[in-house]
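Reader: I would like to go through this structure step by step, beginning with the chain as a whole and then turning to its surface. Please take the questions in that order.

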Amino acid sequence: MLSPKNISPRQLSFFTALILAVPLSLLILAVEKNWLWGLGSFIVILGGSYLLISFVLERFIYRKIKLIYKFIYQTKATKKEEVYYKYILPQRSIDEVREDVEKWAEENEQEMELLKQNEQFRREFLQNLSHEFKTPIFAIQGYVESLLSGGMHNPEINKRFLENTEKNVERLSNLIQDLDEISKLERGELVLTKTNFIIQDFVKEVFESLSIKALSQGIEFSIKKGCESPLTVFADKEKIRQVLINLLDNSIKYGKQDGHIVASIYKVDEKHILIELSDDGIGIPEKHVARIFERFYRTEGGRSRDITGSGLGLAICKHIIEAHGQTIHVRSTEGVGTTIGFTLEARKD
């Protein structure tokens with residue numbers, strides 16, 4: 001059974017011509033009382049009406065539809081494409097055209113929404129970047145002006161201001177290095193040198209390198225019971241060292257006095273090893289959890305605690321893990337603590 005939703009322009013022309021031809025030919029037959037006149041008039045009216053209606057549809061309706069398609073798909077038609085537009089495209093039903101236009105409108109709306117989100121992200125990024133640079137630059141400027149105004153003649157002030165200037169210069173240097181590294185990561189220029197190594201031993205090694213910093217706040221490192229059995233991963237050792245140091249450094253900054261940081265290591269399946277680092281620190285408000293891997297994104301509480309970091313540590317971690325073809329995730333409850341985990345490829349023979 002013919003569906004009106006799928007009727008083509010030629011079918012529409014034929015049925016419209018048929019509707020006109022039948023009553024007119026019957027009328028002529030009734031007047032002339034001759035079936036040859038009736039049959040002849042039916043054929044002539046049907047053929048003429050069909051050609052006329054097809055022409056009208058082609059010239060006045062589907063020409064507009066073709067323009068709509070060209071606008072939607074931003075086409076500059078070649079000769080071959082013109083044949084497509086002339087002989088194939090008009091076969092589409094009006095409802096199919098409507099569906100295509102609605103689909104295009106929906107995709108366009110999604111694209112506009114994405115552009116708005118990107119614009120919002122760009123504004124926040126520039127604002128945060130400006131803040132990260134202004135803070136040390138203004139501090140350096142203030143110390144230099146104080147020294148030039150006479151402070152350099154006082155040995156105590158001289159030394160203290162120069163030490164503080166050095167710290168802020170180091171902060172700027174670290175910020176520039178992190179920006180350079182994350183730019184390379186985003187351009188896909190990271191070259192990985194993967195090897196097999198036991199992840200538990202490696203985590204302990206990183207624990208040891210940060211032990212002095214952790215002990216200053218009374219924070220203890222440990223590997224969760226039941227996770228001591230050696231598991232071998234296949235990854236770039238130095239890049240994973242950078243990830244672990246960044247994550248542990250954050251846990252120390254936002255951890256509580258005399259707290260704990262626990263590493264959990266699990267064999268997910270034959271191909272993946274999961275590493276999680278959990279602290280019992282201040283935690284992250286729920287509304288901020290989804291954004292912590294963005295460049296420079298920090299909560300107000302986090303910004304007040306971390307006055308020396310670049311704000312790029314977690315973004316760098318995310319890029320390194322994704323460069324390994326793996327994933328990184330976070331779970332956090334404000335006032336309870338935070339767990340950040342990532343997967344690595346299991347031992348490769």
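Reader: What percentage of the 349 residues of the chain count as buried?
Author: The model is a predicted one, and its values are computed from the atoms. A residue counts as buried when its relative accessible area is under 20%. By that cut-off, the share of the 349 residues that count as buried is 36%.

Reader: How many helices and strands does the chain have, and what share of the contacts with a separation of 6 or more joins residues 24 or more positions apart?
Author: The chain has 11 helices together with seven strands. Among contacts in the chain with a separation of 6 or more, the share that comes from residues 24 or more positions apart is 72%.

Reader: How much area does the chain expose, and what part of it do carbon and sulfur atoms supply?
Author: The exposed area of the chain comes to about 21800 Å². Of this area, the part supplied by carbon and sulfur atoms is 58%.

Reader: Is Leu20 buried, partly exposed or exposed?
Author: Leu20 is found in helix 1, which covers residues 9-32. Partly exposed is the class between the limits of 20% and 50% relative accessible area. Because its relative accessibility is 42%, Leu20 counts as partly exposed.

Reader: Which residues does Leu20 touch, not counting residues up to four places away in sequence?
Author: One residue distant in sequence from Leu20 is Tyr50, 30 residues apart from it, and the two C-alpha atoms are 9.7 Å apart in space. Leaving out residues up to four places away in sequence, the residues that Leu20 touches are Ile45, Ser49 and Ile53.

Reader: Which element gives the most to the nonpolar patch on the surface?
Author: This patch is formed by Val22, Leu26, Leu29, Trp35, Leu36, Leu39 and Ile43, which together have about 680 Å² of accessible area. Two elements, helix 1 and helix 2 (35-73), give two or more residues to the nonpolar patch. Leu29, for its part, lies in helix 1 and counts as partly exposed because its relative accessibility is 31%. The element that gives the most, with four residues, is helix 2.

Reader: Which residues form the negative surface patch?
Author: One member, Glu106, lies in helix 4, which covers residues 94-148. Glu106 is partly exposed because its relative accessible area is 48%, and a patch residue needs over 30%. The residues that form the negative surface patch are Glu106, Glu107, Glu109 and Glu113.

Conventions: Residues numbered from 1 in each chain as written. Predicted model: local features only at pLDDT ≥ 70, side-chain atom pairs only at ≥ 80, totals over all residues. Heavy atoms only, no water. Patch = residues over 30% accessible without salt bridge, like charges linked within 9 Å, V, L, I, M, F, W, Y side chains within 5 Å. Areas by Shrake-Rupley, 256 points an atom, 1.4 Å probe, with all protein chains shown as cover. Salt bridge = Lys/Arg side-chain N within 4 Å of Asp/Glu carboxyl O. Lys, Arg positive; Asp, Glu negative; His and termini not counted. Charge placed at Lys NZ, Arg CZ, Asp CG, Glu CD. Buried < 20%, exposed > 50% of the residue type's maximum accessible area, 1.4 Å probe, protein only. Contact = heavy atoms within 4.5 Å.
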